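Me: I'd like a close look at one part of this model, the salt bridges and the helix packing around them. Could you walk me through it in one go?

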Amino acid sequence: EGLKVLDAVLEGTDVQVATTQYDLGAERWHRTGETLTDEDLESIKTHEAILLGAVGDPETVFIVLSNTLFHPLITGFLLAAILAAIMSTISSQLLVTASSLAEDIWRGIIHPSAPESSVVKVGRASVLIVAALSAVLAMNPESSILSLVSNAWAGFGAAFGPLIIASLWWRGTTRNGALAGMLVGAGVVIGWIMLGWSDAMY
């Protein structure tokens, strides 16, 4: 992205810039465990300017720095804190999702007279299905936590943001209008991501 900005700035001018790209990103770190070697450093010193992006894997910087800077005992506590935060988030999200599917959709819309045992079964099935989908998404090596979270919040914002504002400030908000707004907002975000526009424009 930085090179795209540089090309846009130099477009229409007589200035020419010769560049050399180095393999110092997350893929190399995962492949070799190395980031910036002595050979790379000596080669970089021969250049007049440096445009430095992310070196290594930005999603594991906390883990790497913990192993590098602290005693193994302290590192263990820090990594346990990461695991605790992950487990807390997973449990709350699974419970909220299962409750919404079982109470709001199954008993609220599909089967209003559903017995309690049926609601419990739907809730348990929802937990298993959502957990399986999450595992499938997590196994994609091309995805990152930042991109998944940003896409999720984009969907939430587009689907529910206008609806919440309209329901608070406009008396003409209706049930059908709310459902249409949610579907259109979520659809726009999904289309935006599938078309690749999210890489250049938010």
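To start with, is E42 buried, exposed or partly exposed?

Reply: Keep in mind that this is a predicted model. E42 is partly exposed, at a relative accessible area of 48%. The side chain of E42 pairs with that of K45 in a salt bridge, with 3.5 Å from N to O. K45 itself counts as exposed, because its relative accessibility is 55% and the cut-off for exposed is over 50%. E42, at 48%, falls in the band between 20% and 50%, so "partly exposed" is the right label for it.

In general, side chains of opposite charge can pair when their charged atoms come close. Counting nitrogens of Lys or Arg within 4 Å of a carboxyl oxygen of Asp or Glu, you get 3 salt bridges here.

Now for the other bridges. E103 and R107 meet through their side chains at 3.0 Å, N to O. Both of these residues sit in helix α5, which covers residues 72-110, and they are 4 residues apart, or about one turn of the helix. R107 also forms a salt bridge with E116, at 3.2 Å from N to O. Through shared partners, then, E103, R107 and E116 are joined into one network.

How open are these residues? E103 is partly exposed at 31% relative accessible area. R107 counts as partly exposed too, at 22%, which is above the 20% under which a residue would be called buried. E116 is partly exposed as well, with 47%.

That network takes us to the packing of two helices. The axes of α5 and helix α6 (residues 116-138) come within 8 Å and cross at roughly 135°. That angle makes α5 oblique to α6, because roughly antiparallel would need an angle over 145 degrees. The crossing of α5 past α6 is right-handed. On the α5 side, the residues in the contact include L94, A98, L101, W106 and both E103 and R107. They meet a set in α6 that includes E116, V119, V122, G123 and V127. Sorted by class, this contact has 10 nonpolar, 4 polar and 3 charged residues. The residues of the salt-bridge network, E103, R107 and E116, are listed among those in the contact.

G123 deserves its own stop. G123 lies in helix α6 and counts as buried, at 13% relative accessibility. Setting aside neighbours within four places in sequence, G123 is in contact with A98 and A102, and both of those alanines are among the α5 residues that meet α6. For a sense of scale along the chain, take A80: G123 and A80 are 43 residues apart in sequence and 29 Å apart in space, C-alpha to C-alpha.

Helix α5 has another packing partner, helix α4 (residues 61-69), and the axes of the two come within 9 Å and cross at roughly 165°. α4 and α5 are therefore roughly antiparallel to each other. This crossing is right-handed. From α4 the contact takes F62, I63, S66 and N67, and from α5 it takes T75, L78, L79 and I82. These residues divide into 5 nonpolar, 3 polar and no charged.

Conventions:
Residues numbered from 1 in each chain as written. Predicted model: local features only at pLDDT ≥ 70, side-chain atom pairs only at ≥ 80, totals over all residues. Heavy atoms only, no water. Buried < 20%, exposed > 50% of the residue type's maximum accessible area, 1.4 Å probe, protein only. Axes fitted to C-alpha atoms, helices over the stretch in contact; angles between N-to-C directions. Parallel < 35°, antiparallel > 145°, perpendicular 65-115°, else oblique. Left-handed = near helix turned anticlockwise from the far one by under 90°. Contact = heavy atoms within 4.5 Å. Nonpolar A, V, L, I, M, F, W, Y, C, P; charged D, E, K, R; others polar.
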